[in-house]
Amino acid sequence: MELTESQQSCSYKVETDTDSTLTNDDSVHCSGKITNSTTLSILEPRLVGHPKEIETIFKAYERVFSSGVSETLFVHGPAGIGKTSLIETLREKVVDSGGWYVTGKFYQIRQQDLYHPIVSIFDDMCDLIAQSENLHEMKTVLIESLGEELKAFARHVSGILKLTGNVVSPLEDSYSKEWEVRQAFVRLKQQCRSFLSTVSSIEHPIAIFLDNLQFADEESLEVFLYLMDSVPKNVLFIGAYADNENGIQSMLLRKEKNSKRRVTDIKVENLDREALNEMVSNITNTEPELTKPLTDICHRKTMGNPFYVIQ
């Protein structure tokens, strides 16, 4: 995160009176007697709060890791609440257990190719598998699993050629134009399912995280929802979205009720004062007792949304 010069060195005057106001400059002034005045360095914020949500995410992965049965998590809340950072806490746990953790992200201004976040996830998986010890074995089972569909799949996910070698060339795909029509779309979903079912295992479970589902194109979202229902083993699917945008919440809630797999809904709320004070204390590198007046101001103006606190 790039910080402005004023953010890097801001003078905060912390005082005892709780009747505080936020001025337009870089200083926070509180009416009453000044007990401390110091120049603070604004540090990169780290994740605070949400212990129950983190525990829910970790337990879902532990179930997938131990039982081999795929699950899905939908994590949602207001924009800027920290959903991405919350989910990213899982990365280290997955890697340490021998699993693969891959992510893709949608953007409001779409300057991406069709299926780009989906394709990037599968390309990243290919990169991870290419570094694994069982690459030769994986090459054989992928060729057997995808069969004639390998050529068409490589048309989208060129990274698979790192695993199979130049067995096929995506440019020679006789169906290279067909992907734009519905039949090719159905084939792509089935190819993605075959790939995931082949490479995931109890030794190498996969966590797939798609961020900003509210900005997903209809086709990519359909692929994600299809996979979460059709890949039965060793995958934890995670989707994050901002509430009340593009009507996605009601649609995903219906999907949760009708899914064949276990789906857990996690709503991320604003930080309470205690967690917010920990955050303010961390980023200002100041004792928590001294940051309480500043925290009260931040909470009143942002309702505990971390993004707006940083702004």
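The paragraphs below lead through the nonpolar cores, a buried acidic residue, the cysteines and the salt bridges of this predicted model.

A natural place to begin is the interior. In soluble globular proteins, nonpolar side chains tend to be buried together. Here the largest nonpolar core contains 47 residues, and those with the most contacts inside it are Phe122, Phe195 and Leu213. Helix α5, which spans residues 116–130, contributes the largest share of this core, namely seven residues. Apart from this core lies another one, made up of 20 residues, among them Ala60, Leu73, Leu90 and Ile238.

The surroundings of Phe195 can be followed residue by residue. Once its neighbours within four places in sequence are left aside, Phe195 is in contact with Phe122, Met125, Cys126 and Ile129, and also with Leu142, Leu146, Phe153, Ile160 and Leu163. One of these partners, Cys126, is buried, with a relative accessible area of 0%. Cys192 is likewise buried, at a relative accessible area of 2%. As for covalent links between cysteines, a search of the whole structure finds zero disulfides.

Helix α5 also carries charged residues, and Asp123 lies in this helix. Asp123 is buried yet has no salt bridge, and the nearest side chain of opposite charge, that of Lys162, is 6.6 Å away; a salt bridge would require a side-chain nitrogen of Lys or Arg within 4 Å of a carboxyl oxygen. What does Asp123 touch, not counting residues up to four places away in sequence? The residues it touches are Val157, Ser158 and Gly159.

Lys162 does have a partner, however, for it forms a salt bridge with Asp127, in which the closest N and O atoms are 2.5 Å apart. Because Asp127 lies in helix α5 and Lys162 in helix α8 (residues 161–164), this pair ties together parts that are 35 residues apart in sequence. The two residues can be described by their accessibility as well: Asp127 counts as partly exposed at 28% relative accessibility, whereas Lys162 is exposed, with a relative accessible area of 51%.

This pair belongs to a wider set, since the structure holds ten salt bridges. Side chains of opposite charge can pair when their charged atoms come close. Lys189 forms a salt bridge with Glu222, where the closest N and O atoms are 3.0 Å apart. Lys189 is found in helix α9 (residues 182–199) and Glu222 in helix α10 (residues 218–230), so that the pair ties together parts lying 33 residues apart in sequence. In this pair Lys189 counts as buried, at 10% relative accessibility, while Glu222 counts as partly exposed, at 24%.

A further salt bridge joins Lys267 to Asp243, with the closest N and O atoms 2.6 Å apart. Lys267 lies in strand β9 (residues 262–267), and Asp243 lies in the loop between β8 (235–242) and α11 (248–258), so this pair ties together parts that are 24 residues apart in sequence. Lys267 counts as partly exposed at 36% relative accessibility, whereas Asp243 is buried, with a relative accessible area of 13%. Finally, salt bridges can also be linked to one another, as they are for Arg63, Glu71 and Arg262, which are linked in a network of salt bridges.

Terms used: Residues numbered from 1 in each chain as written. Predicted model: local features only at pLDDT ≥ 70, side-chain atom pairs only at ≥ 80, totals over all residues. Heavy atoms only, no water. Core = buried A, V, L, I, M, F, W, Y, C linked by side-chain atoms within 4.5 Å. Buried < 20%, exposed > 50% of the residue type's maximum accessible area, 1.4 Å probe, protein only. Helix = DSSP H or I, 4+ residues; strand = E, 2+ residues; numbered from the N terminus. Contact = heavy atoms within 4.5 Å. Lys, Arg positive; Asp, Glu negative; His and termini not counted. Disulfide = S-S within 2.5 Å.
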